[in-house]
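Student: I should like to go through the terms used for this model and see what each one rests on. Where shall we begin?

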Amino acid sequence: DVRMLGTGRPFVIELLDPKYPALTEEQILSIGQGINTAFGNLISVNLLQQVDKKDCDILKIGEEDKRKTYCALIWSHQPITEESIQLLNSHENIVLQQKTPVRVLHRRSLAIRERTIYSMHCIYIDSHHFKLKLSTQAGTYIKEFVHGDFGRTQPNLGSLLGIDVDIVALDVEEVALDWPPKS
């Protein structure tokens with residue numbers, strides 16, 4: 001339910017015991033076209049290329065260090081004012097304590113993770129909606145930052161505003177990582 005915009009999300013596919021140790025440019029292009037055709041407008045891939053192990057390590061190293069940029073539509077149960085939205089714009093480098101969210105506990109270990117919201121910019125839409133633009137540390141649970149996840153994320157947008165808020169739509173606009181490596 002989250003759209004990935006911009007240049008997309010970096011990923012690696014590892015081929016175990018491949019029939020051929022290297023793929024040709026044509027084979028790689030064909031794989032990309034096959035993925036794009038199979039999934040229509042739901043998923044598309046680009047810039048596929050063969051990389052070695054050291055290039056894959058860039059992704060692992062970047063998991064904690066990279067930044068992500070998001071845009072979200074936020075809904076408030078109580079009426080909000082333009083002034084309260086502008087107050088949020090003064091916050092930067094907010095350090096969060098995020099317990100593993102309820103929605104992912106079945107696949108992730110219970111832990112408290114410290115993550116940073118580097119910048120936040122809000123745009124008032126009406127008395128119950130505003131647009132939220134964030135630049136965050138990779139690994140930040142954005143939905144939980146917005147609604148607080150039953151107090152499991154502190155601080156959260158609701159606690160900063162002093163009202164209950166929820167997320168209507170979320171887009172990842174950019175993953176700031178130089179990937180794939182230039183071939």
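Tutor: We begin with pairing: two strands pair if DSSP finds at least two bridges between them. The model is a predicted one.

Student: What makes β2 and β5 a pair?

Tutor: Nine bridges join β2 (residues 67-76) to β5 (residues 129-137), and the two run antiparallel. The cut-off is at least two bridges, so they pair. Within this pair, Lys 68 stands opposite Thr 136 of β5.

Student: Which residue of β4 has Thr 136 as its bridge partner?

Tutor: That residue is Ile 117. Eight bridges join β4 to β5, again in the antiparallel sense, and these strands form a hairpin with two residues between them.

Student: Which strands are called edge strands, and why?

Tutor: The open sheet has seven strands in the order β1-β7-β2-β5-β4-β3-β6, with mixed pairing. The edge strands are β1 (2-4) and β6 (153-154), as each pairs on one side only.

Student: How do you know that the charge of Arg 67 sits over the ring of Tyr 118?

Tutor: The charged end of Arg 67 is 3.7 Å from the ring centre, and the distance limit is 6 Å, with a further condition of 35 degrees from the ring normal. Arg 67 is given as sitting over the ring.

Student: Why is Leu 105 called partly exposed?

Tutor: Its relative accessible area is 35%. Buried means under 20% and exposed over 50%, so Leu 105 falls in between. Leu 105 lies in the loop between β3 (92-99) and β4 (112-126), and helps make a nonpolar surface patch of about 460 Å² with Val 102, Leu 110 and Phe 150.

Methods: Residues numbered from 1 in each chain as written. Predicted model: local features only at pLDDT ≥ 70, side-chain atom pairs only at ≥ 80, totals over all residues. Heavy atoms only, no water. Patch = residues over 30% accessible without salt bridge, like charges linked within 9 Å, V, L, I, M, F, W, Y side chains within 5 Å. Areas by Shrake-Rupley, 256 points an atom, 1.4 Å probe, with all protein chains shown as cover. Salt bridge = Lys/Arg side-chain N within 4 Å of Asp/Glu carboxyl O. Helix = DSSP H or I, 4+ residues; strand = E, 2+ residues; numbered from the N terminus. Buried < 20%, exposed > 50% of the residue type's maximum accessible area, 1.4 Å probe, protein only.
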